[in-house]
Amino acid sequence: MLQIVTPTSLSSLSNPIANTMEHLSLLDNHIPGNTTLITAVELERFVNLRSLALDFCDFTAEMARVLADSNHVPLHRLSLLVHSVSIMHKSLDNMPKDENWQALTRNSTNLRVYIMAFDVKSDDMLRILKPSIPLERIHFDSYVTCVSGAVVDLISRQYDKFLTHFILMNDVVDMSAFPDLSDNRNEDPLVLLAWRCTRLSLLAVHGYTVWAHNLIAIARLRGSDLKVLEVTEESIEFDQGELADQDVDPVHNFIEQVSLGLGRPWHAVMDIELLSVFTEPTRHFYREMQSFSEGI
């Protein structure tokens, strides 16, 4: 029930309904104020939940403890929307600590987590991304705040056994100044992500500089297991050395090398609106959360 749920909506449900509900999705539409749509006490009634989607600031340590209790069936899917507006009006102080995530995954061994972060500062992301989160999918979307290489590096080191989807969107107005995650680094964070995260099957990038030779490396590292590789044409940059070679068409050679690495024909995305993830962020979260929880 997008945009019409109030803090009293769940309390109005009878116990028999709460006890049988298997999927619960509550997005608060980031209305200014400190209201929360569900409390840990209310969540105690939902003993059969297999899939849960919440605003990240509403998912507290106490809530994680409730879900970790043995009288709850194991949780299989947890989708969390982290929004800068929500962080501003609420707080990250009550979010689950690493020991809460450990306890939750002991009770729910098949739990997988999907996070979408919208305009969230890197310092906040470094606080949010606890080592014991079984993070399978993450999507960064921004108009103002860009993701740092440190955050991408942390994700590739902590979630190498789980991560399958990595989406990096930056809807900037100035097309001439995309941030470069590999700036002042020996290794490009996206290449390291492709190397470490052996289950990676989807990588989509727009609004960040992706060097052509790094994209070739990513294609070679993951090969045909990388089912979706979407990078917008304006995000791809070439080294001056590659452009200076008069004997080879650098763009044609680049496309050929990526295609060989993936084992299938590949082209950059020419129009941002053709990106599979290009949509209004909250709507995309809702759609992705549904496919993430399908069949659970």
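**Entry 1: the largest cavity**

I looked up the residue classes around the largest cavity and recorded five nonpolar, two polar and two charged residues in its lining. The model is a predicted one, and I keep that in mind for every entry.

I then listed the lining by name: Ala117, Asp119, Val120, Phe140, Asp141, Ser142, Thr145, Val147 and Tyr208. Which strand gives the most to this lining? I found that strand E5, residues 135-142, does so, with three residues. For the volume of the largest cavity I noted about 40 Å³. My search of the whole structure returned one cavity of 30 Å³ or more.

**Entry 2: the second largest pocket and Thr60**

I turned next to the second largest pocket, whose volume is about 240 Å³. How many residues line the second largest pocket? I recorded 17, and those nearest its centre are Thr36, Cys57, Asp58, Thr60 and Asn94. By class, I entered eight nonpolar, seven polar and two charged residues for the lining of this pocket.

I followed Thr60 further and placed it in the loop between E2 and H3. Setting aside residues up to four places away in sequence, I found that Thr60 touches Asn94, Met95 and Pro96. Thr60 and Asn94 are 34 residues apart along the chain, yet I read a separation of 5.2 Å between their C-alpha atoms. Both Thr60 and Asn94 are among the residues I had noted nearest the centre of the second largest pocket.

**Entry 3: helix H3**

I asked how many residues of helix H3 (residues 61-68) are buried. Six of the eight are, so I describe H3 as largely enclosed by the rest of the structure. I wrote down the buried residues of H3 as Ala61, Met63, Ala64, Val66, Leu67 and Ala68. Against what do the buried residues of H3 pack? I found three elements as partners: helix H2 (40-43), strand E2 (51-55) and helix H5 (98-107).

**Entry 4: helices H7 and H8**

I examined the packing of helix H7 (residues 149-158) with helix H8 (residues 189-196) and noted an angle of about 5°, the axes lying 9 Å apart. An angle under 35 degrees counts as roughly parallel, and I therefore enter H7 as roughly parallel to H8.

For the contact itself, I listed Gly149, Val152, Asp153, Ile155, Ser156 and Arg157 on the H7 side, and Pro189, Leu190, Leu192, Leu193 and Arg196 on the H8 side. I sorted the residues of this contact into six nonpolar, two polar and three charged.

**Entry 5: two single residues**

I looked up Thr164, which sits in the loop between H7 and strand E6 (165-170). Is Thr164 buried or exposed? Its relative accessibility is 7%, and the limit for a buried residue is under 20%, so I count Thr164 as buried. Apart from neighbours within four places in sequence, I found Thr164 in contact with Glu136, Arg137, Arg199, Leu200, Ser201 and Leu202.

I closed with Ser79, which I located in strand E3 (residues 77-83). Ser79 has a relative accessible area of 1%, and I entered it as buried. Which residues does Ser79 touch, not counting those up to four places away in sequence? I recorded Leu52, Ala53, Leu54, Tyr114, Phe285, Met289 and Phe292.

Conventions:
Residues numbered from 1 in each chain as written. Predicted model: local features only at pLDDT ≥ 70, side-chain atom pairs only at ≥ 80, totals over all residues. Heavy atoms only, no water. 1 Å grid on protein atoms, 1.4 Å probe; cavity = no way out; pocket = protein on both sides within 12 Å on 5 of 7 lines; lining within 4 Å. Points joined across faces, edges and corners; volume = space filled by probe spheres on them. Helix = DSSP H or I, 4+ residues; strand = E, 2+ residues; numbered from the N terminus. Nonpolar A, V, L, I, M, F, W, Y, C, P; charged D, E, K, R; others polar. Buried < 20%, exposed > 50% of the residue type's maximum accessible area, 1.4 Å probe, protein only. Contact = heavy atoms within 4.5 Å. Axes fitted to C-alpha atoms, helices over the stretch in contact; angles between N-to-C directions. Parallel < 35°, antiparallel > 145°, perpendicular 65-115°, else oblique.
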